[in-house]
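Here are a few notes to help you find your way around this structure. Please keep the view open as you read, and take the points in order.

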Amino acid sequence: MSKTALIVVDVQNEYFPHGNYPQHGVEKALLSVKQAIAHAHSHDWSVVLVQHFMPEGAPLFQAGTDNVAIHAEVLAAAPDAPVVQKYHADSFLDTNLEAVLKEQLVENIVICGIMTQNCVAYTAISPDAALYDVKVLPAACCAPDPVVHGAALEAIRDRGVAFIEL
């Protein structure tokens, strides 16, 4: 039986109402992310959290701020999950994500998180993701607005990535 990992991308305070870039449907997506983490735990999947940082002086994701932190409810749902830190939209680019997945013998990845059109999409279609059977969990993703979310999902599907519901 092949091993699956749930990759939770950038569910960080920056995207919630008190952050600098609130996303449409973020609370609903958070609930779905927590349900996905519970599903992962009950099915012996690995859970990997991804956290985005930007260079000093950028308007978002500044190290040392509360906004860069992974949402407390995600951390509470997956307290032992490894955290991969990244500086690019693609969660594989210049990170240890591939090493974490190989160490856990992962063959399938299910991706969810924020923002659908950016970090979720770029992670799903990353050249490094081609090593895995990749699926995206649309209910546990969100974007600046529903049109962007829908368009991003279509673009991801156009690249051959399947969707999954839990």
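1. A word before we start: this is a predicted model. A good place to begin is strand β1 (residues 3–9), which joins strand β2 (residues 46–52) through five bridges, the two running parallel. β1 also pairs with strand β4 (residues 106–114), again in the parallel sense, over seven bridges.

2. Leu 6 is a handy landmark for both pairings. Its bridge partner in β2 is Val 47, while in β4 it stands opposite Val 110.

3. Now follow the chain from β1 to β2. Together with helix α1 (residues 26–42), these strands make a β-α-β unit, and the unit is right-handed.

4. How much of β1 is covered? Six of its seven residues are buried, so the strand is mostly covered.

5. Next, the interior. The largest nonpolar core has 57 residues, and those touching the most other members are Leu 6, Val 8, Val 74, Leu 101, Ile 109, Ile 111 and Val 136. Two or more residues each come from β1, α1, β2, α3 (97–103), β4, α4, β5 and α5. The most come from α1, which gives seven.

6. Do look at Leu 101 up close. Setting aside neighbours within four places in sequence, its contacts are Ala 5, Ile 7, Val 48, Phe 92, Val 106, Ile 109 and Tyr 132.

7. Finally, turn to helix α4 (residues 116–124), where Thr 116, Cys 119, Val 120, Ala 121, Thr 123 and Ala 124 are buried. What covers them? The elements include β1, β2, β3 (83–86), β4, β5 (133–142) and α5 (146–158).

Methods: Residues numbered from 1 in each chain as written. Predicted model: local features only at pLDDT ≥ 70, side-chain atom pairs only at ≥ 80, totals over all residues. Heavy atoms only, no water. Buried < 20%, exposed > 50% of the residue type's maximum accessible area, 1.4 Å probe, protein only. Helix = DSSP H or I, 4+ residues; strand = E, 2+ residues; numbered from the N terminus. Pairing = 2+ DSSP bridges. Right-handed = clockwise from strand over helix to strand, strands pointing away. Contact = heavy atoms within 4.5 Å. Core = buried A, V, L, I, M, F, W, Y, C linked by side-chain atoms within 4.5 Å.
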